Amino acid sequence: MLLALSSDQELFSETTAKLLEELVPVGELRRLRDDPVGFDRDYWRRGAELGWSSLLVGEEHGGGSIGDFGLVDLALVAYEFGRHAAPGPLAVTNVVAATLSEAGHGGDEVIGALLSGASVATWCLGEPPPDDRLGSIALGVRVEGDDVVLNGVKRPVESAAVADLLLVTGRTGPGLTQVLVPAGTAGVSVAPMDSVDMTRRFSVVTFDEVRLPGAAVIGSTGSADDQVARQLERAVAIACAESVGAMQAAFDMTVEWAFDRYSFGRPLASYQELKHRFADMKTWLEASHAISDAATGAVASGAPDAGELLSTAKAFIGDYGSELLQDCVQIHGGIGVTFEHDIHLYLRRHTLDRALFGTPADHRQRLTDIVESRDRVA
Amino acid sequence: MTAADGEDLETFRARARAFVRHNLRPVDPAQSIGPLRNERTDEEELAAVARDREVQRMLFDAGLAGVCFPRRYGGQGLTPEHQRALNQELAGYEYPARIQAPTLSPCAAVLLDFGTEEQKLRHLPAILKGEEIWMQFLSEPSGGSDVAAALTSAVRDGEEWVLNGSKIWTTGAWWSDWGLCLARTNWDVPKHRGLTVFVLPIRQAGLDVHRIEMLNGSKEFCQEFLTDVRVPDSDRVGDVDDGWTVGTRWMFHERMLTNSPLVTVPAGMTHGGGSTPMEEVARDAGRLADPYVRDLVGEAHMLEIVDRHLRRRIGEGIATGTLPDQSAAIGRLFSGVASARARTIAFEIAGAAGAAWTDEDGDLAFCGSDFLMRQVSMIGGGTTEMARNVISERVLGMPRERSLDRDLAFRDVPRGAPTRP
């Protein structure tokens with residue numbers, strides 16, 4: 001998280017943390033384990049009142065940010081979500097709300113319901129193998145007269161079973177098309193998946209000759225590539241901030257454990273072997289904070305190196321975050337791999353975010369693509 | 001000095017840009033490979049040192065030297081943001097690499113913190129003009145990490161001190177001018193309480209500089225032998241027997257590396273020259289299309305970018321007090337490990353050219369010998385093990401390692417035989 005927050009941002013982030021502690025303490029997360037939705041709609045509405053879903057939405061549509069950039073504020077929320085392993089479709093609802101607002105689509109009523117928390121939206125991006133790599137889209141959007149027709153499969157789609165709106169990224173010829181599909185549209189079927197996370201639910205969503213009027217297209221047909229790229233940037237920034245929050249929570253918990261736990265008459269924290277591992281973890285943690293903040297700031301301000309910083313952040317935080325979290329488990333010993341201990345809540349959240357919106361390997365490849373195209377220009 | 005007193009950032013940046021574009025030579029980053037490769041002849045190295053002094057003087061005359069040094073000592077009295085702007089404008093251009101670390105930091109930084117007014121006025125302007133290049137006389141052959149166990153002795157003789165002993169791991173002492181030297185002045189107290197810091201000219205009778213040959217043939221590192229070197233008491237820095245107070249701050253400045261606002265380094269370049277961009281190595285290996293190699297290239301760039309932003313976070317955190325000073329060790333640890341990993345990646349990409357190469361192999365040449373020297377980034381400037389001790393003990397507050405010499409008069413502390421490289 002940023003070293004220097006404005007007082008408004010500090011208040012906002014503290015209020016979010018307080019609400020999460022009140023509404024979704026660890027006991028509640030454990031209760032939600034068997035809940036098919038994974039979050040309570042009233043909880044989501046309370047968060048929406050604080051601004052959880054309005055930070056990327058323009059003021060003309062009722063949104064607005066705390067500081068200069070809504071995405072930086074949203075990263076503060078995402079960080080707290082990670083620190084508390086909090087439930088709720090934070091990334092996908094915000095990504096869809098931002099795109100609808102930018103495209104001036106859906107009218108105030110649709111966007112307003114997302115802002116108030118009365119409705120939630122999700123983004124259907126990923127697809128089954130072999131089209132599961134970052135940037136690979138096969139779902140077809142066919143134009144037929146005034147209608148568009150969708151055919152294909154999306155997975156994993158977050159909160160698909162309860163989302164009121166599905167923003168579907170598909171392909172029309174060589175370019176991308178995005179269509180806003182209301183829940184319950186004929187031809188849409190939703191099948192639940194298993195997931196590593198305690199409270200985030202994912203589904204396979206199948207589109208079989210799903211027909212909608214052309215007005216459901218967000219932006220223009222066959223040329224939504226930039227729109228999709230912007231969505232991905234936001235989703236990755238949110239996933240990174242959330243991951244860093246989960247890393248921080250697990251690290252703090254493990255440092256405390258190292259001071260409290262005694263073996264052979266000494267605290268774990270007195271063993272040089274473990275101290276050196278804590279030093280490595282602290283280094284990875286600070287590095288993750290640094291690159292997450294830098295990437296979010298670059299995306300928010302539209303800096304030319306935003307894509308490079310973002311892929312750096314996703315690759316680094318994914319890989320090194322896993323090492324940190326698994327080493328925290330290791331230092332706990334047997335209790336660390338039990339359901340009873342809380343550390344798995346954070347391990348789960350980081351693991352989820354690592355695998356979504358491009359794996360570390362995907363983003364390393366992307367970094368090389370960026371470097372190579374820059375060399376070509378130069 | 002505050003920003004309010006000085007030149008505003010954009011005026012400064014425009015001035016820096018104009019100077020850099022009109023006066024400095026653009027460099028191919030792959031051409032400045034730093035001190036660890038054995039590629040230059042002595043004549044070439046001395047010519048490069050002379051050019052560094054010349055460029056430093058040009059920066060001084062242009063009002064761009066010592067951006068964060070006070071004006072009364074020849075600096076500009078500006079802010080770290082001004083220094084960062086200069087670094088950005090210098091990207092892709094030559095700069096006086098050999099006058100940054102250790103001359104400006106830690107040596108000049110220590111003089112700023114602890115020097116007498118007379119010492120500051122004598123040395124800081126000379127340093128900023130490129131007239132004095134400094135070395136750290138800190139490590140000794142008897143032990144690198146346990147700096148406070150220094151054996152070099154200083155014995156008082158009237159208004160002078162007489163120094164005897166040996167210092168080691170000074171980069172380029174054979175072409176340098178002054179040394180900042182930690183010596184033992186009291187053997188009857190525990191090790192931390194009997195040290196004193198001095199400054200001394202390197203080129204003088206009684207001070208022999210011996211060049212150490214590294215495993216790759218580089219002869220940049222030196223060892224010095226001090227035999228009855230006389231130093232006037234006015235060249236003492238800090239109080240007698242209080243050298244550890246100076247030394248602690250000294251090592252803080254050392255761990256700051258290029259993160260220090262006192263140091264000028266073109267943006268995107270780590271100290272000691274940039275390393276070859278990894279995609280160039282891959283291209284010269286003809287393997288840039290190989291997905292595995294592309295993964296490695298991406299990893300190398302990732303580590304470089306994270307390193308840059310981590311250093312920035314730590315610098316800002318220390319400056320604003322959000323992070324403790326000892327957090328400098330976090331940046332040191334990351335840089336050391338990341339550089340070593342980059343050497344491994346280059347070696348991996350080079351394939352068999354990592355074992356044997358010719359002049360026609362382009363950027364593949366020397367990947368193998370760089371790999372042999374890989375650990376240097378985790379040893380020089382304080383080992384990564386020491387950085388891990390500092391982070392766990394001073395940043396995270398974990399219990400200190402038990403030491404057997406803490407309450408013992410230093411002369412009674414057991415020690416092994418001195419080692420020589």
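Start by selecting Ser159(A) in this predicted model. Ser159(A) counts as buried because 24 C-beta neighbours sit inside 10 Å, and the cut-off for buried is 20 or more. Look at its backbone too: phi of Ser159(A) is near 50 degrees, which is a positive value in a residue other than glycine. You'll find Ser159(A) in the loop between β3 and β4 (165-172) of chain A.

Now step back into the strand. Pro156(A) has its place in strand β3 (residues 147-158) of chain A. Check the peptide bond that joins Arg155(A) and Pro156(A): it is cis, with omega about -10 degrees.

Time to colour chain A by domain. Use 7-119 for domain 1, 122-216 for domain 2 and 225-377 for domain 3. Put a distance between the C-alpha centres of domain 2 of chain A and domain 3 of chain A, and you get 29 Å. Where these two touch, 11 residues come from domain 2 of chain A and 12 residues from domain 3 of chain A. Which strand gives the largest share of the domain 2 side of chain A that touches domain 3? Select strand β5 (residues 175-182) of chain A, which supplies three residues. Colour that side of domain 2 of chain A by class and you have five nonpolar, three polar and three charged residues.

Next, bring up both chains. The contact between them takes 29 residues of chain B and 31 residues of chain A. On the chain B side, the elements giving two or more residues are α8 (291-320), α9 (328-350) and α12 of chain B. Begin with α8(B), as it gives the most to the side that touches chain A, with 16 residues. By class, the chain B side of this contact has 13 nonpolar, seven polar and nine charged residues.

Stay with α12 and zoom in on Ser392(B), which lies in that helix (residues 384-395) of chain B. Is Ser392(B) buried or exposed? It is buried, with 29 other C-beta atoms within 10 Å. Show its contacts, leaving out residues up to four places away in sequence: Ser392(B) touches Lys275(A), His276(A), Phe278(A) and Ala279(A), along with Met398(B). For another reference point, pick Ala329(B): the C-alpha atoms of Ser392(B) and Ala329(B) are 10.0 Å apart in space, though the two residues are 63 apart in sequence.

Hide chain A for a moment and take in chain B by itself. Switch to cartoon and you have 12 helices and eight strands. Chain B has a radius of gyration of 22 Å, close to the 22 Å that the globule rule gives for 421 residues, so it is as compact as a globular protein of that length. Along the principal axes, its C-alpha atoms fill a box of roughly 70 × 50 × 45 Å. Of the 421 residues of chain B, 49% count as buried. Among contacts in chain B with a separation of 6 or more, 73% are between residues 24 or more positions apart.

Two more stops in chain B. Select Ser105(B) and Pro106(B), which are joined by a cis peptide bond with omega about 15 degrees. Pro106(B) has its place in helix α4 (residues 100-114) of chain B.

Finish at Asp241(B), in the loop between β8 (236-237) and α6 (243-256) of chain B. Asp241(B) is not a glycine, yet its phi is positive, at about 70 degrees. With 16 C-beta neighbours inside 10 Å, Asp241(B) counts as partly exposed.

Conventions
Residues numbered from 1 in each chain as written. Chains lettered and ligands numbered in written order. Predicted model: local features only at pLDDT ≥ 70, side-chain atom pairs only at ≥ 80, totals over all residues. Domains from an automatic or database assignment. Contact = placed C-beta atoms within 7 Å. Helix = DSSP H or I, 4+ residues; strand = E, 2+ residues; numbered from the N terminus. Nonpolar A, V, L, I, M, F, W, Y, C, P; charged D, E, K, R; others polar. Buried ≥ 20, exposed ≤ 12 C-beta atoms within 10 Å, placed from the backbone. Rg over C-alpha atoms; globule rule 2.2 N^0.38 Å.
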